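Please open the structure in a viewer and keep the selection panel at hand. The tour proceeds by selections, each followed by a description of what is to be found there.

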Amino acid sequence: MSPHLYWTESLLEAVLQSFQVRPALSFEAATDEAFVIALAWRGSLGGLLRRVQGDNLRQAFAGPFARLLPYILEVINSRKAIHLALEPRRAASG
């Protein structure tokens, strides 16, 4: 969980799939602050959100992560707002 590495979409999907297969590992990760921060800020959550909408997102974050879903969505929306604010087209017109 290096603070300098970002997760690809395929790595994020592999991690989430492994949690669905191993509930004990999922619980441990969902309660590990460093892991949750890494997931929130270095995971490719936007790509995941684009592919799975609504309840399907809850299925992607099965088990203990399901209760973190409101916070994960808040992080996704915050990251989206930051990206939109930094777009050159928006800065030139706004």
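The stops below go from the whole chain to single helices, then to a helix pair and a loop.

**The whole chain**

Begin with everything displayed, bearing in mind that this is a predicted model. The chain contains 7 helices and 0 strands, so a cartoon view will show the order α-α-α-α-α-α-α from the N terminus on. Colouring by burial comes next: of the 94 residues in the chain, 34% are buried. A contact map is also worth displaying. Among contacts in the chain with a separation of 6 or more, 72% are between residues 24 or more positions apart.

**Helix α1**

Select residues 9–21, which form helix α1. The 13 residues of α1 should span 18 Å at 1.5 Å a residue, and the distance of 19 Å between its end C-alpha atoms agrees with this. Now show the side chains of Leu12, Val15, Leu16, Ser18 and Phe19, which are buried in α1. These residues lie on the same side of α1, because they cover an arc of only 155 degrees around the axis. Next, turn to the face directed away from that buried side, where Ser10, Gln17 and Val21 are exposed.

A general point assists in reading such patterns: an α-helix has 3.6 residues a turn, so residues three or four places apart point the same way.

**Helix α6**

Move to residues 69–86, helix α6. This helix has 18 residues, and the distance from its first C-alpha to its last is 26 Å, close to the 26 Å expected at 1.5 Å a residue. Which residues of α6 are buried? They are Leu69, Ile72, Val75, Ile76 and Arg79. Because they cover an arc of only 120 degrees around the axis, they are on the same side of α6. On the other side of α6, select Pro70, Tyr71, Glu74 and Ala85, which are exposed.

**The pair α3 and α6**

Keep α6 displayed and add residues 33–42, helix α3. The two axes come within 9 Å and cross at roughly 35 degrees, and the crossing of α3 past α6 is right-handed. To view the contact itself, select Leu39, Ala40, Trp41 and Arg42 on α3, together with Ile72, Val75 and Arg79 on α6. By type, the residues of this contact comprise 5 nonpolar, no polar and 2 charged. Ile72, Val75 and Arg79 were also listed among the buried residues of α6.

**The loop between α5 and α6**

Finally, select proline 64, in the loop between α5 and α6. Is proline 64 buried or exposed? Proline 64 has a relative accessible area of 15% and is therefore buried, the cut-off being under 20%. Leaving aside neighbours within four places in sequence, its contacts are Ser26, Phe27 and Ala30. A distance monitor between the C-alpha atoms of proline 64 and alanine 24 should read 9.5 Å, although the two are 40 residues apart along the chain.

In the loop between α5 (55–60) and α6, select alanine 66 as well. Alanine 66 is buried, with a relative accessible area of 17%. Outside its neighbours within four places in sequence, alanine 66 is in contact with Arg58 and Phe61. The last distance to display is from alanine 66 to alanine 30: 9.4 Å, C-alpha to C-alpha, with their positions 36 residues apart in sequence.

Definitions and conventions: Residues are numbered from 1 along each chain as its sequence is written. This is a predicted model: local features need pLDDT of at least 70, side-chain atom pairs count only at pLDDT 80 or more; totals for chains, interfaces and linings use all residues. Side-chain values use heavy atoms; hydrogens and water are left out. Axes are lines fitted to C-alpha atoms, for helices over the stretch in contact, and angles run from 0 to 180 degrees between N-to-C directions. Helices (H or I, at least four residues) and strands (E, at least two) are DSSP runs, numbered from the N terminus. A crossing is left-handed if the near helix is turned anticlockwise from the far one by less than a right angle, and right-handed if clockwise. Contact means heavy atoms within 4.5 Å. Ala, Val, Leu, Ile, Met, Phe, Trp, Tyr, Cys and Pro count as nonpolar, Asp, Glu, Lys and Arg as charged, and the others, Gly among them, as polar. The expected span of a helix is 1.5 Å times one less than its number of residues. Buried means under 20% relative accessible area, exposed over 50%, partly exposed in between (1.4 Å probe, protein chains only). The arc is that of the directions from the helix axis to the C-beta atoms.
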